[in-house]
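Biologist: Thanks for sitting down with me over this one. Could you take me through it piece by piece, and be frank about where to be careful?

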Amino acid sequence: MSTAVFVMVVLLVAMVLIDTALVLWIHKSQAKNIKLKHNAPLAQMQEYEDDERFHIAPLGNLDEEYMNLFSNPPMDKPARRGKSAYLRDAYHERIRQIVNALNIDGVNISSYVDMVLTDHLMRYESQIDHLLNNCYGKSRKLAN
Amino acid sequence: MKTNDVNSSPALAESEENRSRLKEMYQNWLKEKGNKEKNYEVPYLISSELYHAMEVAAYALGGENFKVEDYLDMILENHLKKFGNLIENANSNK
């Protein structure tokens, strides 16, 4: 009887220890990949710009304009919610080389392309709006 | 007394400059790649929000024949032309 109780206590302690180790491991791996889980529209991304987590150390002699690219937070996009687009093999390969050369933790091909696209859309936001207004203006005229 | 002319503000000038730059970018892409076969082979997963923003912007810029993939191609082409060699140069200067 006492042996059975002893074995049960040992098993219980082992389970608690395994559980604690698992929780610690999960926390550690989460801390390693600090990524923002959001799908916020571009306008809402401004609030993350001052977040220290997204500041990247200067990369030697890189151009300031290029470094601004990294001021936008990487978009973490769960695969199930994403949409598929296709790009040229040559560009994919070139970006892979760039990402390898940059060697920044958390920046992969996908997040790099996201940052380039986000930077473009933010840079030309008002121009795109202007073009859109023209489109809708024309549609309205045609409808009339 | 002459007041500040809104049309001559630096922000507006920059906006005009950006607009013509964006159109020029599009025209160049159209001239170089528009009629050629587009080998978009590598799948890339893009967030729905970004995809939608790209879709709207592509339509605004080039109409219904200018697809998200074309716009993505144009942006990456310009980015790589502009910054493609920058990283290697920076690394070699370290």
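**A loop residue, two chains and a shared core**

Modeller: Happy to, and please keep in mind that this is a predicted model. Let me begin with N108(A), which has 13 C-beta neighbours inside 10 Å and therefore counts as partly exposed.

Biologist: Between which two helices of chain A does N108(A) lie?

Modeller: N108(A) is 13 residues away from I95(A) in sequence, with 9.1 Å between their C-alpha atoms. The loop that holds N108(A) joins helix 3 and helix 4 of chain A.

Biologist: What order do the elements of chain A follow from the N terminus on?

Modeller: Chain A has five helices and one strand to place. From the N terminus on, they run α-α-β-α-α-α.

Biologist: And which pattern does chain B follow along the sequence?

Modeller: Chain B is built from four helices and one strand. Read along its sequence, the pattern is α-β-α-α-α.

Biologist: What share of the residues is buried in chain A, and what share in chain B?

Modeller: A residue needs 20 or more other C-beta atoms within 10 Å of its own to count as buried. Among the 94 residues of chain B, the buried share is 24%. For the 144 residues of chain A, it is 15%.

Biologist: Let's look at helix 3 of chain A. Do its buried residues line one face or are they scattered around the helix?

Modeller: Helix 3 of chain A, residues 89-102, has 14 residues and reaches 20 Å from its first C-alpha to its last, close to the 20 Å expected. Its buried residues are Y91(A), I95(A) and I98(A). Seen down the helix axis, these fall within an arc of 60°, so they line one face.

Biologist: Which exposed residues sit on the face of helix 3 of chain A turned away from its buried side?

Modeller: To find your way along the chain, note that this helix is followed by N103(A), with a positive phi near 50°. The face turned away from the buried side carries the exposed residues D89(A), E93(A) and N100(A).

Biologist: Against which elements do the buried residues of helix 4 of chain A pack?

Modeller: Helix 4 of chain A has 15 residues, which should span 21 Å at 1.5 Å a residue, and its end C-alpha atoms are 21 Å apart, in agreement. Its buried residues include Y112(A), V116(A), L117(A) and H120(A). They pack against helix 3 of chain A together with strand 1, helix 2 and helix 3 of chain B.

Biologist: Which element gives the most to the largest nonpolar core?

Modeller: That core has 30 residues, and those touching the most other members are V116(A), M54(B), A57(B), Y71(B), L72(B) and I75(B). Elements of both chains supply at least two residues each, among them helix 4 of chain A and helix 3 of chain B. The biggest contribution, seven residues, comes from helix 2 of chain B.

Biologist: Which residue of chain A does M54(B) touch?

Modeller: M54(B) is one of the buried residues of helix 2 of chain B. Leaving aside residues up to four places away in sequence, M54(B) touches V68(B), Y71(B) and L72(B) in chain B, and in chain A it touches L117(A).

Biologist: Within what arc do the buried residues of helix 2 of chain B fall?

Modeller: The 15 residues of this helix, 48-62, should span 21 Å, and the 21 Å between its end C-alpha atoms agrees. Its buried residues include L50(B), A53(B), A57(B) and L61(B). They line one face of the helix, because seen down its axis the buried residues fall within an arc of 165°.

Biologist: Now for the caution. Where in chain B is confidence lowest?

Modeller: The mean pLDDT of chain B is 79, and 71% of its residues reach 70 or more. Confidence in this chain is highest in helix 3, at 90, and lowest, at a mean of 62, in helix 4 (residues 86-93).

Biologist: How many contacts beyond near neighbours in sequence does the stretch 140-144 of chain A have?

Modeller: Chain A has a mean pLDDT of 69, with 58% of its residues at 70 or more. Over residues 30-58 of chain A pLDDT stays under 50, and the model has 28 contacts beyond four places in sequence there. Residues 140-144 of chain A are also below 50, and their number of such contacts is zero.

Biologist: Last one: what ipTM does the model score?

Modeller: There are two overall scores to note here. The pTM is 0.63, and the ipTM is 0.80.

Technical notes:
Residues numbered from 1 in each chain as written. Chains lettered and ligands numbered in written order. Predicted model: local features only at pLDDT ≥ 70, side-chain atom pairs only at ≥ 80, totals over all residues. Expected span 1.5 Å × (residues − 1). Buried ≥ 20, exposed ≤ 12 C-beta atoms within 10 Å, placed from the backbone. Arc of directions from axis to C-beta. pLDDT = per-residue confidence, 0-100. Core = buried A, V, L, I, M, F, W, Y, C linked by C-beta atoms within 7 Å. Contact = placed C-beta atoms within 7 Å.
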